[in-house]
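Me: I would like to learn how to read surface patches, pockets and cavities. Please take them in turn.

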Amino acid sequence: MVGRLVLFFLTMGTGLCIYLSGIHFLSRMSALFSAVCYFAITNVAWHGASFRPDSICAFLSAASIAALLSKRHGLVGATMAGVCLGLSMMFSIKTVLYGSIFILMFVAQLLSEVDYRTTIRKYLLLIISFLVTSIVLMLVHFNTVSSFADLQGSSAQSLNLSAIADKVLKTEQLFPRREWLIRSVLENPVIWLLMLLGIVLSLYEVTKTANKTRGVAMLAFASPLLTLFFYRNAFPYYYVFM
């Protein structure tokens, strides 16, 4: 019961981070509406408090984006963003699927900032803190596993990151979990229609208007949808993370 409650509040925190990220590019009402839409998706309602790493990774990744965009916290926020991403990576390697968000967000901030050096410094700090956090946590994990294996009188299994990446990401067909995508569209037609409309409007802003910052940022937030083309573990609980 306590575990479910913790996961429930993490999902609420994800919605809050969506709002805090959205207000940098949208009106407060529009940002709030985007958070409400997240909660309204049936897969989020059903699996937001499930005992899987998706809810934890969703919160840490969303918190990372919110911290990175925070102008009040600046370089400290960028450092905390990297720490959150490093923590998320320890729960699931699928955190790398958020890479497109940070790449496009970097472009969006370059378009909006007068001083490019500030943006570059923020993202360098993000990368450095992410790598340091990941390495430290990985070393702690390996030492813990090795110690446990010694106590059991057996050797710890080596971690094959390439094999894990192949298992998680490699697929031989497009839309490997198309049945769950179709079901989600049928259960949430209004939300999917709004997302499609938002993508079309964002593409229009990027290609046809002078101020491209918001369009690029909105495409960054929508980019995880592309993972449905190849991610073979896109089961209903994945939508909480995506």
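Me: Which residues form a nonpolar patch on the surface?

Reply: A patch is made of residues with over 30% relative accessible area and no salt bridge (a side-chain nitrogen of Lys or Arg within 4 Å of a carboxyl oxygen of Asp or Glu); nonpolar side chains (Val, Leu, Ile, Met, Phe, Trp, Tyr) are joined within 5 Å, like charges within 9 Å. Accessible areas come from the Shrake-Rupley method with a 1.4 Å probe, with only the protein chains shown as cover for residues. Here Y116, I120, L124, I128, V132, V136 and V140 form such a patch, with about 640 Å² of accessible area together.

Me: How far should I trust the model and its numbering?

Reply: This is a predicted model: local features need pLDDT of at least 70, side-chain atom pairs count only at pLDDT 80 or more, and totals for chains, interfaces and linings use all residues. Residues are numbered from 1 along each chain as its sequence is written, and side-chain values use heavy atoms, leaving out hydrogens and water.

Me: Is V140 buried, partly exposed or exposed?

Reply: Buried means under 20% relative accessible area, exposed over 50%, and partly exposed in between (1.4 Å probe, protein chains only). V140 counts as partly exposed because its relative accessibility is 48%.

Me: What lines the largest cavity?

Reply: On a 1 Å grid over the protein atoms alone, a cavity is a set of points where a 1.4 Å probe fits but cannot get out; lining residues have an atom within 4 Å of a point. The largest cavity is lined by F175, R177, R178, L181, L228, A234 and Y239.

Note on methods
1 Å grid on protein atoms, 1.4 Å probe; cavity = no way out; pocket = protein on both sides within 12 Å on 5 of 7 lines; lining within 4 Å.
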